[in-house]
Amino acid sequence: MSHAPHMTADEFRRVGHELVEWTAAYMERVHELPVQPSVAPGDIRALLPAAAPEQGERWEAIIADLDRVVIPGTTHWQHPGWFGYFPANASGPSVLGEMVAAGIGMQGMLWSTGPVCTELETHVMDWLVDLLALPAAWRSDRTGGGVIQHSASDAALSAIVAARYRLPDPAAELVAYASTETHSSIAKDLRVAGIPHLRLIEIDDERAMRPDRLREAIAADRAAGRVPFFCCATLGTTSSLAFDPLRPIGEACREAGLWLHVDAAMAGVAAICPEFRSMHDGLELASSYATNAHKWLFTNFDCDLFWVADRAALTSALSILPEYLRNAASASGAVIDYRDWHVPLGRRFRALKLWWVIRHYGAEGLRAALREDVALAAEFAERVRTHPSLELAAPQRLSLVCLCHRDGDDATRALLTAVNADGSVFVTHTVLDGRYILRVSIGALPTERVHVDRLWDLIDRAAGR
Ligand SMILES: Cc1ncc(COP(=O)(O)O)c(C=O)c1O
């Protein structure tokens, strides 16, 4: 053979059409499959040959393995009975955007290596400042700016590194603060960054961080010669979607000179609806903010939306310029080079799928979809409230309902097992105040009232009256 056996455009067209058809058929039939696969560890690997093929295979065989290998080992996050964790929505427009972005295959580390990758991202992130009513100073034409990151965990790590870099003595004994309900990614990020101390601040009855306790902790660390430098407030905690009070936390951080990062991974996108924006009161006091379009804004993983109030603080911390990346556009100072806004150098063209999601649904379409989920959650919570054997374990917030059995943890555990055993739905758990709790997270793309009713019937039957 005189050249590598690459796929021709015609072959790509033929196989591609077949795979688009396969994916569309999957979307149509996913509701018939059990949400969780029934496989034991190692079952999937046992279906695979021990060694990689020496010769290229026929596409008929490769496609056949979707049904033989992939589907049997798939947990169906796009199932209408998905009520576990938080949603990870993969809408049609975003999947198509992902496909085309992969086909174009642009690596947009610098403006010059992908002008549209950069400018479309900047533009859509500016749109979202307006759509989510974020502080105007976070727009790219002001002091701030937005960037798409891989995940909320990566976004917080970038914030931590920027917060440390601006300190006069980064070798000082640094302390970070978050509440006891903060997502584990913050502790992990701090570990990665080598920050020695994380103080988990007490929460109130609403499971929100207590600003008075934050102030006390900052003062105690100062008095002991340590350097408080970073605080993470959460809007929508993972266990119960509790909201930390931004304004008093922000005031405490500003007075003490701390970088305030806001982790709104799940709940932040809800601010596209004006009635859900009260959580943002005090947001102008934050230094950075992250929310995940890849959870509840119909954009398939990965697509974390990250803004900073002062982009210079971020880019000065993360910019290292080797000779081989020098170019005229960067030197002109007239462009954004997103490689300076996060840890990785290379970056995918993720803005395309986000752009298409926003254009396909329109802001009104997105609002309507989120409102529908919240309304279904409110009805579900009401059913729990009036059930003789169940109780709400936390107030219903947005699309999340936390409940437990009145007979205690063992009964709640048995309830979860019975409900998931049916296969048509999937629910996960958490622990709140030491109690085992069942979380019903509504928001998978195809979930409708009929699926929530099905979940309720299963819970009602398993709970007993
Ligand atoms: C509040 C909160 N922060 C952070 C994360 C982590 O998100 P990611 O997977 O984007 O890192 C989650 C995930 O559910 C979350 O609920």
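Q: Two strands pair if DSSP finds at least two bridges between them. With that in mind for this predicted model, what makes strand E5 a partner of strand E6?

A: Pairing needs at least two bridges, and five join E5 (residues 227–234) to E6 (residues 259–263), so the two strands count as paired. They run parallel, and Ala233 stands opposite Val262 in E6. Helix H8 (residues 246–256) packs on the sheet here, touching E5 and E6. The direction of H8 makes about 165 degrees with that of E5.

Q: Which sheet holds E5 and E6, and what makes two of its strands edge strands?

A: Both belong to an open sheet of seven strands, in the order E2-E8-E7-E6-E5-E3-E4, with mixed pairing. Strand E2 (145–149) and strand E4 (197–201) are called edge strands because each pairs on one side only. From one strand to the next, the twist averages 20 degrees.

Q: Why do E1 and E9 count as edges in the five-stranded sheet?

A: That open sheet has the order E1-E11-E12-E10-E9, again with mixed pairing. Strand E1 (82–83) and strand E9 (390–392) each have a single partner strand, so one side of each is left without a neighbour in the sheet.

Q: How do you know that E1 pairs with E11?

A: Two bridges join E1 to strand E11 (residues 426–432). Since at least two are required, the pair qualifies, and these strands run parallel. Phe83 has Val427 in E11 as its bridge partner. Helix H13 (residues 409–421) packs on this sheet, touching strand E10 (400–405), E11 and strand E12 (435–441). Its direction makes about 30 degrees with that of E12.

Q: How do you know that helix H12 is not straight?

A: Compare its span with that of a straight helix. At 1.5 Å a residue, a straight helix of 35 residues would span 51 Å, yet H12 (residues 351–385) spans only 42 Å between its end C-alpha atoms. The helix bends by about 85 degrees at Gly362.

Q: Which residues are closest to the ligand, and what makes up the shell by class?

A: There are 15 residues around the ligand, and the closest are Ser151, Ala152, Ser153, His183 and Ala265. By class, the shell has four nonpolar, nine polar and two charged residues.

Q: Why is the bond from Phe301 to Asp302 worth a look, and what is special about the phi of Arg207?

A: The Phe301 to Asp302 peptide bond is cis, with omega near 10 degrees. Asp302 lies in the loop between helix H9 (293–296) and strand E8 (304–308). Arg207 is not a glycine, although its phi is positive, at about 65 degrees. You will find Arg207 in the loop between E4 and helix H7 (211–223).

Notes. Residues numbered from 1 in each chain as written. Predicted model: local features only at pLDDT ≥ 70, side-chain atom pairs only at ≥ 80, totals over all residues. Helix = DSSP H or I, 4+ residues; strand = E, 2+ residues; numbered from the N terminus. Axes fitted to C-alpha atoms, helices over the stretch in contact; angles between N-to-C directions. Contact = placed C-beta atoms within 7 Å. Near = placed C-beta within 6 Å. Nonpolar A, V, L, I, M, F, W, Y, C, P; charged D, E, K, R; others polar. Expected span 1.5 Å × (residues − 1). Bend = angle between axes of the 7 residues up to and from the residue.
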